[in-house]
Amino acid sequence: MARSDVQLMLDAKAGDTASFDFLLVKYRSPLVNFLFRMVRDQATAEDLAQEVFLRVYRARKQYTPSAKFTTWLFRIATNVALNSVRDNRHQKMQVSLDAPASGEEEAAPRELPAREMRIDEHLLERDRVAFIQRAVASLPEKQRAAVLLHKYEEMDYAEIAKVLDCTEGALKSLLFRAYESLRVQLAPLVSQAAQPRAGEGRPS
Amino acid sequence: MKCEDVSKGLIAYLDRRTDSAERHEIEEHLAHCADCRARAGEFRGVWSAMDELPAVEPSFGFDARVRQRIAAEPQRAWFRWLVPQPRLAFAAALLVVLAVWVAQRPGNSGNAGIPGPTAAATEQDFNAIKDLGVLENYDVVTKMDALSELVPTAAQQPEKPQPSPSESND
């Protein structure tokens, strides 16, 4: 009989490295994908995933099965990802502040093209994937984490709320805002969607 | 049910996370509201679009790198755990020694302000030692006025007069 994740972690806690190895093999792909969608860079995502496994390993002695293993794992992963995103943003901000100002840029303020123009450009590139990736990446990091956990990890609301350390009510609001934002951004791709049918769930 | 309420409940509805009463209300609303129906379709379209995002695979050697870092961990953890121990042990030992020394100091016997017999003896010894150099100098001793009066007695032992410290002090 296959051991549960919690049992594997408890065995790892007791010193069984093979159990930890099993968890590593089982969760490396979901973790790397989650982190890749959070930070949009595979090398960074893999570094962060290694950091997550290392933290899990370090914390194995203190592990108590009070929640699902995935809740604990993705909570660590989300914290690592959010820290990385914030650090990266901070670094970019410092670079842009430290960079010498270009006289040309100052003279001619950057004009954003109209929304329709930008979408057309994306569609002309025939790069739907990049367009969708950019839409997901444009979400505020906590909304992005909520959507990724909901869509790809298929966690229930209670579990996602625990991962993000918020109430279920706050999570529902977070998810609604995130999907509403995606609905608007991806409108050119999703306008031809089928009419809802009663009781139909989300496509998987 | 208002459109605003339906919008907020659409995610849960499409995700089959609503109870039967709420689901029934939303379905009734959708049957009559084209805008909300369209919105529900768009949400479903968002989910379909997100399915198009490709999954990435961890690169070759990912597991090995994790295992390598983990293999290095116990040593580091043990080292980190061990480092503060000698310091703590040393500090504790020092504290114990200090406590014993302070507890056993003569001044802590309870009558520190009153010089007892021990203190008196120490003072006497000190005075004796203080004059020892003088007493051992034979020339000085023989010329001392105080000793000249004791000549007859001292003549019995002319070579080495050995006045006691108490006599010389008198």
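**Helix packing and chain contact in a predicted two-chain model**

Helix α8(A) passes α9(A) in a right-handed crossing. In this predicted model, the axes of α8(A), which spans residues 141-151, and α9(A), which spans residues 157-164, come within 10 Å and cross at roughly 145°. On the side of α8(A), the residues that take part are K142(A), A145(A), A146(A), L149(A) and H150(A), and these meet I160(A), V163(A) and L164(A) of α9(A). Sorted by class, the residues of this contact comprise six nonpolar, one polar and one charged.

The loop between α8 and α9 of chain A holds E154(A), a residue other than glycine whose phi is nevertheless positive, near 55°. E154(A) counts as exposed because 11 C-beta neighbours lie inside 10 Å, and the limit for that class is 12 or fewer. A second residue of this kind is D165(A), which is found in the loop between α9 and α10 (168-185) of chain A. Phi of D165(A) is likewise positive and near 55°, again in a residue other than glycine, and D165(A) is exposed, since 11 other C-beta atoms lie within 10 Å. As background to these two values, most residues other than glycine have a negative phi.

A further helix pair in chain A is formed by α2(A) and α3(A), the latter covering residues 42-58; the two pack at an angle of about 140°, with their axes 8 Å apart. The angle makes α2(A) oblique to α3(A), because only values over 145 degrees would count as roughly antiparallel. The crossing of α2(A) over α3(A) is right-handed. From α2(A), the residues in the contact are F20(A), L24(A), R28(A), L31(A), V32(A), L35(A), F36(A) and V39(A), whereas α3(A) supplies Q42(A), T44(A), A45(A), E46(A), L48(A), A49(A), V52(A), F53(A) and Y57(A). By class, 13 residues of this contact are nonpolar, two are polar and two are charged.

Helix α2(A) also figures in the largest nonpolar core, which contains 68 residues. Within this core, the residues that touch the most other members are L35(A), A77(A), A81(A), A146(A) and V46(B), and the set therefore includes residues of chain A as well as a residue of chain B, all of them buried nonpolar residues joined through C-beta atoms within 7 Å. The helix that gives the most to the core is α2 of chain A (residues 17-39), with eleven residues. Two of the residues named for the core recur in the helix contacts described above: L35(A) belongs to the part of α2(A) that meets α3(A), and A146(A) belongs to the part of α8(A) that meets α9(A). The surroundings of A81(A) draw on both of these regions, for when neighbours within four places in sequence are left aside, A81(A) is in contact with L35(A), M38(A), V39(A), L48(A) and A145(A). In general, nonpolar side chains of soluble globular proteins tend to be buried together.

Over its whole length, chain A has eleven helices and zero strands. Buried residues make up 35% of its 204 residues, and among its contacts with a separation of 6 or more, 64% are accounted for by residues 24 or more positions apart. The secondary structure of chain B likewise comes to eleven helices and zero strands. Of the 170 residues of chain B, 13% count as buried, and 53% of the contacts in chain B between residues at least 6 apart in sequence join residues at least 24 apart.

The contact between the chains takes 38 residues from chain A and 37 residues from chain B. On the chain B side, α1 (3-14), α2 (20-32), α3 (34-51) and α4 (62-82) each supply at least two residues, and α3(B) gives the most, with 13 residues. The side of chain B that touches chain A has 17 nonpolar, four polar and 16 charged residues.

Elsewhere in the description of chain B, E28(B) lies in helix α2 of that chain. E28(B) is partly exposed, because 13 other C-beta atoms lie within 10 Å. Although E28(B) and M1(B) are 27 residues apart along the chain, their C-alpha atoms are separated by 8.9 Å.

Terms used. Residues numbered from 1 in each chain as written. Chains lettered and ligands numbered in written order. Predicted model: local features only at pLDDT ≥ 70, side-chain atom pairs only at ≥ 80, totals over all residues. Contact = placed C-beta atoms within 7 Å. Helix = DSSP H or I, 4+ residues; strand = E, 2+ residues; numbered from the N terminus. Nonpolar A, V, L, I, M, F, W, Y, C, P; charged D, E, K, R; others polar. Buried ≥ 20, exposed ≤ 12 C-beta atoms within 10 Å, placed from the backbone. Axes fitted to C-alpha atoms, helices over the stretch in contact; angles between N-to-C directions. Left-handed = near helix turned anticlockwise from the far one by under 90°. Parallel < 35°, antiparallel > 145°, perpendicular 65-115°, else oblique.
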